[in-house]
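Trainee: I would like to look closely at one part of this model rather than skim over the whole of it. Please start from a single residue and lead me outward to its surroundings, step by step.

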Amino acid sequence: MTTGRHFLQVPGPTNLPSAVLRALSRDVIDHRSPEFATLTLEIMSKLGRLVGTNAPIVIYPSSGTGAWEAALVNTLSPGETVLVPENGFFAQQWAKLATRLGFGARAIPGDWRRGVDADLVASTLKGDTERAIRAVAIVHNETSTGVRSDLQPIREAIDATGHDALLIVDTISSLGSADYRHDEWGIDVMVGCSQKGLQLPPGIGLNILSRRALERHELSTAHRGYFDWSPMLEANRAGFFPYTPPTNLLYALDASLDLLLDEGMERVVARHDRHAAATRAAVDAWSLELQCVRPSELSNSLTAVRTTEDLDADDLLRVVRERFDTSLGTGLGQLRGRVFRIGHLGALNDPMLLGALGAVEAGLRSVRHVITDSGVAAATEFLAINDLGSDPTTDPPRV
Ligand code: PLP
């Protein structure tokens, strides 16, 4: 039997703020009532404000994978190709899903240690003289590697080729933690979900569209039912859904959006940057290597850490979970056993992060990994020196 709280430090699902937990426990209301319509319309407006757009937003009762599928089946037709730079496990899975849905998926192979190369995207599109590629699918923050790709150069590179492929972006582990500007960066379809930076339980998938995406939707002949944008957009205009929506998750989304908008995305990003940097200070002290090799591409949502040859990452994770009551992310796909991932996104504060790093350090010592310097001490020092500054919105305390 354990006592105290389990530390959930996987890179999503994340810890939930108390305001979100309270919203989840509210009474369910009639989803055909005016009260519900008001809730939907407010959420749409707040989500748009969070990412800088007035574009239509589609909310599904689904996981992120549902939102991936929706982005593809609403914009492509059978046999059309999506270009997927393969910079990690999730990009690879997305490409596989496209194939299963009857689309062509063309990969640009990567070493899973760097972000998407905009020049390679451009040269591939230039070579596509028959315009077989109808969309480019990018994972903004690769949760399997802790690498974040810069979206603006990719947009500019696509534009410079004159190719009309849509730009579809998975922000599943960057939304609500990293900078994301939907209109300014010219994203055609954004794919998101609830259980990461939006600090909600799993269960909501998102697409945010562009005018071009809607035009392409009109031409798309892919089979779709549940994920069809058209009935959703039509019902949403009045604040309703074409099927039963996840009412309490929507209450929670509304509460979470209030927290994020009150704090301001600039500060939310700075908060995540600071925790990511403190985590890297710990990794450095442990003399372990990061999976991400380019400092400019380091994720602020999670840190993927490579283990030494003699240390199976899954053995370490087991010890950390069983003895120190802390869940960390496992290595995915080809990184299984070689990498572990520390999530530091969502509702997190300094003592929670230090507790999680303490569990990792205790785990490393238990598996007899030689540690000369304390990662916890290094992270503590970093946090002590690097103050985020006082938060004008914390009066009264935000929970
Ligand atoms: N894309 C990214 C970047 C992810 O991190 C995940 C899940 O962690 C997914 C897609 C799949 O989302 P879900 O597991 O919610 O279906």
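Mentor: Before we begin, a word on names: a helix, written H, is a DSSP run of at least four residues in state H or I, a strand, written E, is a run of at least two, and both are numbered from the N terminus. Please also keep in mind that this is a predicted model.

Let us start at Ser173, which sits in the loop that links strand E8 (166–170) to strand E9 (189–193). The relative accessible area of Ser173 is 1%, and because buried means under 20%, this residue counts as buried. Its side chain makes a polar contact of 2.7 Å with the side chain of Thr143. If we set aside the neighbours within four places in sequence, Ser173 is in contact with Asn141, Thr143, Lys196, Ser301 and Leu345.

From these partners we can move on to the enclosed spaces, and it helps to recall how they are found. Rolling a probe the size of a water molecule over the atoms shows where empty space is left. Searching the whole structure in this model gives 2 cavities of 30 Å³ or more.

Leu345, a contact of Ser173, belongs to the lining of the second largest cavity, together with Leu8, Gln9, Val10, Thr14, Asn15, Gly343 and His344. This cavity holds about 30 Å³ of space, and its lining has 3 nonpolar and 5 polar residues but no charged ones. Beside Thr14 in the sequence comes Pro13, which is placed in the loop between strand E1 (7–9) and helix H1 (18–24). The peptide bond between Gly12 and Pro13 is cis, with omega at about -5 degrees.

The largest cavity has a volume of about 50 Å³. Its lining is made up of Thr145, Gly146, Arg280, Leu290, Gln291, Cys292, Leu298, Ser299, Leu302, Thr303 and Ala304, and by class these are 5 nonpolar, 5 polar and 1 charged residues. Strand E12 (residues 302–306) gives the largest share of this lining, namely 3 residues.

That strand leads us to a sheet, in which 3 strands are arranged in the order E11-E12-E14 to form an open, antiparallel arrangement. Its edges are strand E11 (289–290) and strand E14 (339–343), each of which pairs on one side only. Between E12 and E14 there are 5 bridges in the antiparallel sense, and across this pairing Arg306 stands opposite Val339 in E14.

Finally, let us go back to E9, at the end of the loop that holds Ser173, and follow the chain into the next loop, between E9 and strand E10 (205–208), where Gln199 is placed. Gln199 has a phi near 50 degrees, a positive value in a residue other than glycine, and with 5% relative accessibility Gln199 counts as buried. A useful comparison is Arg131, in the loop between helix H5 (118–127) and strand E5 (133–139), which likewise is not a glycine and has a positive phi of about 55 degrees. Arg131, however, is partly exposed, with a relative accessible area of 35%.

Note on methods: Residues are numbered from 1 along each chain as its sequence is written. This is a predicted model: local features need pLDDT of at least 70, side-chain atom pairs count only at pLDDT 80 or more; totals for chains, interfaces and linings use all residues. Side-chain values use heavy atoms; hydrogens and water are left out. On a 1 Å grid over the protein atoms alone, a cavity is a set of points where a 1.4 Å probe fits but cannot get out, and a pocket is an open set with protein on both sides within 12 Å along at least five of seven lines; lining residues have an atom within 4 Å of a point. Grid points are joined across faces, edges and corners, and a volume is the space filled by probe spheres set on the points. Ala, Val, Leu, Ile, Met, Phe, Trp, Tyr, Cys and Pro count as nonpolar, Asp, Glu, Lys and Arg as charged, and the others, Gly among them, as polar. Two strands pair if DSSP finds at least two bridges between them. Buried means under 20% relative accessible area, exposed over 50%, partly exposed in between (1.4 Å probe, protein chains only). A polar contact is a pair of N or O atoms within 3.5 Å; within protein, one must be able to donate a hydrogen and the other to accept it, and residues adjacent in sequence count only if both atoms are side-chain atoms. Contact means heavy atoms within 4.5 Å.
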